[in-house]
Number of protein chains: 2
Amino acid sequence: MTTARIIDFIKNRRPEGPCLVVDLDVVKNNYHAFRHAMPDSAIYYAVKANPAPEILSLLASQGSSFDCASVAEIQMALDAGATADRISFGNTIKKERDIARAHALGVNLFAVDAHEEVEKVARAAPGARVFCRVLTSGEGAEWPLSRKFGCVPQMAVDVLVYAHQLGLESYGVSFHVGSQMTQVDAWDSALADAKRVFSQLSKQGIHLQMVNMGGGFPTRYLKDIPSAEAYGKAIYAALRKHFGNHIPHTIIEPGRGMVGNAGVIKAEVVLISRKSDNDDARWVFLDIGKFGGLAETMDEAIRYPIRTVHDGGEMEPCVIAGPTCDSADVLYEKNMYPLPLSLTIGDEVLIEGTGAYTTTYSAVAFNGFEPLKAYVI
Amino acid sequence: MTTARIIDFIKNRRPEGPCLVVDLDVVKNNYHAFRHAMPDSAIYYAVKANPAPEILSLLASQGSSFDCASVAEIQMALDAGATADRISFGNTIKKERDIARAHALGVNLFAVDAHEEVEKVARAAPGARVFCRVLTSGEGAEWPLSRKFGCVPQMAVDVLVYAHQLGLESYGVSFHVGSQMTQVDAWDSALADAKRVFSQLSKQGIHLQMVNMGGGFPTRYLKDIPSAEAYGKAIYAALRKHFGNHIPHTIIEPGRGMVGNAGVIKAEVVLISRKSDNDDARWVFLDIGKFGGLAETMDEAIRYPIRTVHDGGEMEPCVIAGPTCDSADVLYEKNMYPLPLSLTIGDEVLIEGTGAYTTTYSAVAFNGFEPLKAYVI
C-alpha cells in the first residue's frame, strides 16, 4: 500500500523524525470509488479522520461535502473551498455558542440525539435542519461503538417531533454501524429502524427527507476488505427493501475509508533488546508509539502492516513499543508481531494504512516529543 | 484540593474553554515535603508529568534536579535554570544522535537497560555515567508498570560490566515500583535487588554509587494516601536494612506526587441527556475528555474528584463523557460517577488532582479541539 510517490518522497526528502506521508492520488481514487459505488448518496467526508488542508481542498474540488465535529473543523472546510450548504455539524454534543457560530458561518444542518440538544439548536440556529441519531447494535463491527451517540428509535421520533414544534426542520435520521465494518449487510437493520422513524413521523404529518448512513467503511490493514462496490450494492438493496419507491436523500460519511490507505508513517528503530539473557521475545522500540499518533493500537485493536528493508528474510515474533517513558506505550505484546531477524537499530520502517486517525490523535508534546509531522503529496 | 488562589483566578479571569490551572504554592509545598521527608535523596522532578516553564523554574530555584525523557525536556530544564549536572536523561530508549545532543548540552547521566543501549551511550557520550534499570514486580501499585523498561537483575550486572568495559562509568541502578504506589513498603524488595547488583559488581571491582528509586509517589484522588513522611521512613528503613552502613547516593523522581494535586481543570457541562425515556442513566457530557487531557481515565483508572456548584444536594450516578465524535471518549461508565441531580447544561465543574499527565497527553487537534490550555499561577 506504500505508493511509488510516497517511496520517492521519503527517499528524496529524507524527513527527520517520524512522519506521515499521504498520497493525494489515493484519496482521489477512494473518493471516486465511493462516488461510483454509491452515486445516489452525498459524500460527507468525516474531517476528523484527517483534516490536512490539502486533503480538504482536494475533496472540496471533487465535489465532496463535509461532516464536521467542531467549529474549527467547519472553518477548515470553508477555508478549503467548501460552501456552507455542503457542511454538516455532525457532533451531537455542541455548546450552544458553537451552534450559533456555525449558524453565523452559514451552516444549516445539525445532528441531535436529545430534547436538550434540540432546544439549543432551536435557540442558536432557528429554523435549521436537524437529523436525529439513532442507536444501533454495532454487531459485526471490528470496533462496535459505545452507546455514547444516539437514542433509541422511539425516542428519536419524540426528539424530531419536538424539533418540529420548536420551529426547526425535522430533516432526517442518522446512524453509525460501527467502525471498520467489514459486513456489507450491516446497514440493513439500521435502515429498517430508520424507516420506522420515517413512518411514525409521517403519521404525525412530519415528512423526513434524509437518511445519514454514517461511516464505518473500513480500510485495509492486514486482512482483505470488501470493495466500495460491494457496500454500495448491499446498501442500495437495503434501501429499496425498506423504503421501496420512496428512497430518501442519503448521506455517507467515510473517514477511515477515504484516507486510511492513503497514508504511510515512516518511523525508525531506536532500540532492539531483550529483558534477560534467555528472554524469548525481542523488544523492538520505534520512534513513534501510542502517544505519537498510533493511539488506535490501544488494546491492540488495529494491527498495521509494517514494512522493512529486510522483508522476505527470516521472521520472529517481537514486542513492539513506542519511545516514551510511559509503560502503557506498547503497541503489540499480547499478540506479538513478526519482524525480520535482521532488523537493526537505526533501520527505517514503514507503517501502512495510517492515513486516518493518526496526526490528530497525536499528543501535543508528551515526553517532549513533537506531534506527528505530516506531508501531503 | 482547589485552592483559594485557583478559585480566585477562575472567578476573575473567566478563561474561555476547558483549562488547567496550577497553583505553584502547592508545588513548592510538595517539593519541600519530599525534601524534608527524604533529606538524603536528590530530587529529580519527572519533567514529563508537567513541563510548564513556571513549574520547572520554581523547582530549579528550590534546588531540584530533573529527570528528562527527551532532548526537548533537557532543553526545557536548562532554559528553566537547571545546570546540566542536575539533569538525568532517564529514558532507556534513546536515539544515538539524541544521546550525542544531550552530551553536547553537558548531560552526563544516562539510563540504560540493555547492552545495545550501552553501546550507543559509549559511542555518543564517551565516559558518561550510566545507571541500569531493573525490572520490578510492581505489586501493590494502582497501575503496575508493564515490562517495557528494565531488565532482570542478573542481566543488569552484565550490562553494567559491559558499560565499564566500554569506558563508561557504571554508576548505579534504577527501578520504578509502579505508578500511584500507595504501599510505603513497596521499595523494600526492589532495594534488595539493587543491593544484590551492587554486591555482584563489587566482586568484579566495579563499585556502584547510586540507587535511583524512581517515582510512583501518589497524589490524592478520591482516596487518602500516605504522607511523604511515611514514604521517607519506610524507604530509609529499607535502605538501612539492605545497605547497612554503606548507603549509596539515592535519587527519587516524583512527577505525579509533585504536581498532581497542584492542578485543577475547569470544564463545562455541554449536554445532559438520556438514551431513552426510561433510561436509568443520565449522560453528562463535558467539554473535556480522554483526548483533551484526561487520558488517564483510560479503563477508568483514575477517578478524579469533580466539584460542582450544586455539591451537597441530591446525587445520582451518571455516565460522564467527553465532547469528541469518538465513541471511546467516555470517562466513567462501568463505574458510574455520582453528580448532583440539579447539575445543568452550561454549569462549570472543577476536576481536581489534574496537575500531572494532562496537558502533555492532550491531543494536538482531535476533532478540531485545541489542546488543553494551562495557566500556572
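Two strands count as a pair here if DSSP finds at least two bridges between them. With that in hand, strand 3 of chain A and strand 4 (residues 87–89) of chain A qualify, pairing in the parallel sense over three bridges. Welcome to this structure, which is a predicted model. The points below visit parts of chain A, then move on to chain B.

**Chain A: around strand 3**

- Let's begin with strand 3 (residues 65–68) of chain A, which is covered on both faces. Ser65(A) and Asp67(A) are buried on one side, and Phe66(A) and Cys68(A) are buried on the other.
- That two-sided arrangement is easier to picture with a general rule: in a regular strand, side chains alternate between the two faces of the sheet.
- Strand 2 (residues 41–46) of chain A is a parallel partner of strand 3 of chain A, with three bridges between them. Here Ala46(A) has Asp67(A) as its bridge partner.
- To get from strand 2 of chain A to strand 3 of chain A, the chain passes through helix 3 of chain A, and this β-α-β crossover is right-handed.
- On the pairing with strand 4 of chain A, Phe66(A) stands opposite Ile87(A).
- Another right-handed β-α-β unit is made by strand 3 of chain A, helix 4 (residues 71–79) of chain A and strand 4 of chain A.

**Chain A: helix 3 and its end**

- Which residues of helix 3 (residues 53–62) of chain A are buried? They are Ile55(A), Leu56(A), Leu58(A), Leu59(A) and Ala60(A).
- After helix 3 of chain A comes Gly63(A), which has a positive phi, near 105 degrees.

**Chain A: around strand 6**

- Strand 6 (residues 129–133) of chain A is mostly covered, with four of its five residues buried.
- Strand 5 (residues 109–112) of chain A runs parallel to strand 6 of chain A, and the two pair over four bridges. In this pairing, Phe131(A) of strand 6 has Ala111(A) opposite.
- Strand 8 (residues 169–174) of chain A also runs parallel to strand 6 of chain A, and five bridges join them. Phe131(A) appears again here, with Gly172(A) in strand 8 of chain A as its bridge partner.
- Strand 5 of chain A, helix 6 (residues 115–124) of chain A and strand 6 of chain A form a right-handed β-α-β unit.

**Chain B: two helices in contact**

- Helix 2 (residues 24–37) of chain B packs against helix 3 (residues 53–62) of chain B at an angle of about 35 degrees, and their axes lie 10 Å apart. The crossing of these two helices is right-handed.
- Helix 2 of chain B brings Leu24(B), Val27(B), Lys28(B), Tyr31(B) and His32(B) to the contact, while helix 3 of chain B brings Glu54(B), Ile55(B), Leu58(B), Leu59(B) and Gln62(B).
- What kinds of residues make up the contact of helix 2 with helix 3 of chain B? Six are nonpolar, two are polar and two are charged.

**Chain B: around strand 15**

- Why is strand 15 (residues 315–321) of chain B described as largely enclosed by the rest of the structure? Five of its seven residues are buried, so the strand earns that description.
- Strand 13 (residues 282–286) of chain B runs parallel to strand 15 of chain B, and four bridges join them. Within this pairing, Phe285(B) faces Ala321(B) as its opposite residue.
- Strand 16 (residues 330–340) of chain B runs antiparallel to strand 15 of chain B, with six bridges joining them. Cys318(B) has Tyr337(B) of strand 16 of chain B as its bridge partner.

Notes
Residues numbered from 1 in each chain as written. Chains lettered and ligands numbered in written order. Predicted model: local features only at pLDDT ≥ 70, side-chain atom pairs only at ≥ 80, totals over all residues. Heavy atoms only, no water. Axes fitted to C-alpha atoms, helices over the stretch in contact; angles between N-to-C directions. Left-handed = near helix turned anticlockwise from the far one by under 90°. Contact = heavy atoms within 4.5 Å. Nonpolar A, V, L, I, M, F, W, Y, C, P; charged D, E, K, R; others polar. Buried < 20%, exposed > 50% of the residue type's maximum accessible area, 1.4 Å probe, protein only. Right-handed = clockwise from strand over helix to strand, strands pointing away.
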